[in-house]
Amino acid sequence: MSRLDRDTRLLWSLSASAVLASGLLLLIVLFLAAESWPALSRVGIQAFFFGKGWHPTEGAFDLTPMLVASLATSTLAMAVAVPFGVASALFQRFYAPVLFGQIYLWIIVLLAGTPSVVLGLWGLTTIVPLILWLAPPGTSLIAGSLILSLMIMPTVALTTDAALAALPQSHWAGAAALGLSREATIINVILPSARASIFAGSILALARALGETMVVLMVSGNVVQVPTSLFDPVRTLTANIALEMAYATGDHRSSLFVSGLALAGLVLILAIAARRSGGHVVHA
Amino acid sequence: MPDVCVAPPAAYLHVRDTLLRAAVWSATLLVGAVFAWLLADLLGQGAARIDWSFLTSAPRNAGRSGGIAPILVSTLVVVVVAIAVAAPLGLATAVLLAEVVRRGGRTERLIGLSLDVLAGIPSIVFGLFGNAFFCIWLGLGFSILAGGLTLACMVLPILIRTAESGLRMVPNDWRFGAAALGLSRAATLWQILIPAAAPALLAGLMLGIGRAMAETAALVFTSGYVDRMPSSLWDSGRAISVHIYDLSMNVAGGDQSAYASALVLIVLLIMINSAAIWLADILLVRRIKMI
């Protein structure tokens, strides 16, 4: 076999793999759409937002309570995770003694690698009883948000940390020449320069929280309702799919695919927004 | 004389600096404390249940007693299937992206976009797709094979992106040298580029294995719940993360076994990560000696 033959064959197999890998997305979208179609065509898209409650066996498919629950748990989680994540990165870069900072970074990386089902287990056995003591039933919107924030905090911390590492040393030299304190430098120079990355990291964290299933399934109670307080049990879109997929048939099953498609759309818009904002993004 | 004093009074600045410093320290301490609490619970509640027989016997009484041997086997096989499918496909796509197509060209942007979208899809949606495509359309049913293939789709973008960046880090001089020696592109790839990028490829592989092992939501409706020892790829098998979920949610009094399984899972993940770092170091040292 000649050299050219071998190279041509290599190129062909590489191209075939690439077509397969990028065609996978098309296949996924196609299958989700095909499975969603029966419900979308029979029930109509507006029934998913303005219907009469979620009673899938009686043909009522209102996703609004689940959508509200998903948005509420994940925005709340982001609101908690962002300050802690940014503070963690600032600490690790500018405050911690060297050894201490290394240990702390190690903690953040371990936390990032902890499977969500383990965080859910821990939340269910420690955080939920604490919240139950405050206000029953314990499994609630706030429990879901707190555990989610623990899960997504490393994403914010590592993204911010990477952005801080990429800043030129001259920022500090310039600030020192102006006689600025460490805190003044952080507030006036460092954070504004890292703003795009912090924003990207936060949006990415929000997307991860929206797409997370196990944590919210385990600690937030799974009652279909629009929450009126932080201590109400709620059911998110992801938890709803996980709970009902086991026995759903017909339009009911199809409506779960509709919610999956909606969820994927929502998460993708956020992911694209994060990428477009021009900051560094760390996959954690 | 015009008033040019723009700085706030020094006392205010001092208070602000102190507050920021206090906020950073207390946030960090809180995160550290929560982590210590999590670790203490995992060790305190999990370690007591773990011994040799926990790892080598079958679960009894819905997992309250007995061990996790069939669950470990199922987890291992699911992950092996996922990696065996995703790794060759991922490596080939990465080689195409890094070595063949023009950087920033239309092909690269198109493939890159679809990979980024794929990486952003929530795992439960992968579960839906896996159930509809592998279990029902391809007729694999609830099986280890269906679960493994679903996970392969999930880890594919991670494998491709890490392999691509590994290949891009190989200096161009090596490619020029190979071309000057008259090596074919295939030989350059196998003899030079892949060995040179091996640490990065391995690290990416380990990242993918870790991600696959920690996954729950995509597996519940693809590889299923059955906790018997699987006898073939077409059997349903319960992965360890699904086991933790089931024990904690559906089995009253299963918390201790759930913590023990969680501890086993985390120790496995840490071992995989350390192995990745160790292998990467060894290969890097060997490469430096070679130069």
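Colleague: Is A:Phe100 buried, partly exposed or exposed?
Modeller: This is a predicted model, so the answer comes from computed values. The relative accessible area of A:Phe100 is 40%. Buried means under 20%, and exposed means over 50%. That leaves A:Phe100 partly exposed.

Colleague: And A:Phe91, buried or exposed?
Modeller: The relative accessibility of A:Phe91 is 0%. The cut-off for buried is under 20%. So A:Phe91 counts as buried.

Colleague: How many aromatic pairs does the whole structure hold?
Modeller: Rings pair if their centres lie within 6.5 Å. The search covers all chains. The count is 13.

Colleague: Take A:Phe31 and B:Phe129. What kind of pair do their rings make?
Modeller: The ring centres are 6.2 Å apart. The planes stand at 80°. Over 60 degrees counts as edge-to-face. So the pair of A:Phe31 and B:Phe129 is edge-to-face.

Colleague: Which elements hold A:Phe31 and B:Phe129, and why does the pair join two chains?
Modeller: A:Phe31 lies in helix 1 (residues 3-43) of chain A. B:Phe129 lies in helix 5 (residues 123-137) of chain B. One ring comes from each chain, so the pair joins two chains: helix 1 of chain A and helix 5 of chain B.

Colleague: Which residues form an aromatic cluster with A:Phe31?
Modeller: B:Phe129 belongs to the cluster, and both A:Phe31 and B:Phe129 are buried. The other members also come from chain B. Besides A:Phe31, the cluster holds B:Phe129, B:Phe133, B:Phe134 and B:Trp137.

Colleague: Now the helices. How do helix 11 and helix 12 of chain A run, roughly parallel or roughly antiparallel?
Modeller: Helix 11 (residues 237-244) and helix 12 (residues 250-276) of chain A pack at about 150°, with their axes 10 Å apart. Angles over 145 degrees count as roughly antiparallel. So helix 11 of chain A is roughly antiparallel to helix 12 of chain A.

Colleague: How do the residues of that contact divide into nonpolar, polar and charged?
Modeller: Helix 11 of chain A brings residues including A:Leu237, A:Ile241 and A:Glu244. Helix 12 of chain A brings others, among them A:His252, A:Leu256 and A:Gly260. The division is four nonpolar, five polar and one charged.

Colleague: How many helices and strands does chain A have?
Modeller: Read along the sequence, the pattern is α-α-β-β-α-α-α-α-α-α-α-α-α-α. Count each symbol. Chain A has twelve helices and two strands.

Conventions. Residues numbered from 1 in each chain as written. Chains lettered and ligands numbered in written order. Predicted model: local features only at pLDDT ≥ 70, side-chain atom pairs only at ≥ 80, totals over all residues. Heavy atoms only, no water. Phe/Tyr/Trp six-rings, centres within 6.5 Å; stacked < 30°, edge-to-face > 60°. Helix = DSSP H or I, 4+ residues; strand = E, 2+ residues; numbered from the N terminus. Buried < 20%, exposed > 50% of the residue type's maximum accessible area, 1.4 Å probe, protein only. Axes fitted to C-alpha atoms, helices over the stretch in contact; angles between N-to-C directions. Parallel < 35°, antiparallel > 145°, perpendicular 65-115°, else oblique. Contact = heavy atoms within 4.5 Å. Nonpolar A, V, L, I, M, F, W, Y, C, P; charged D, E, K, R; others polar.
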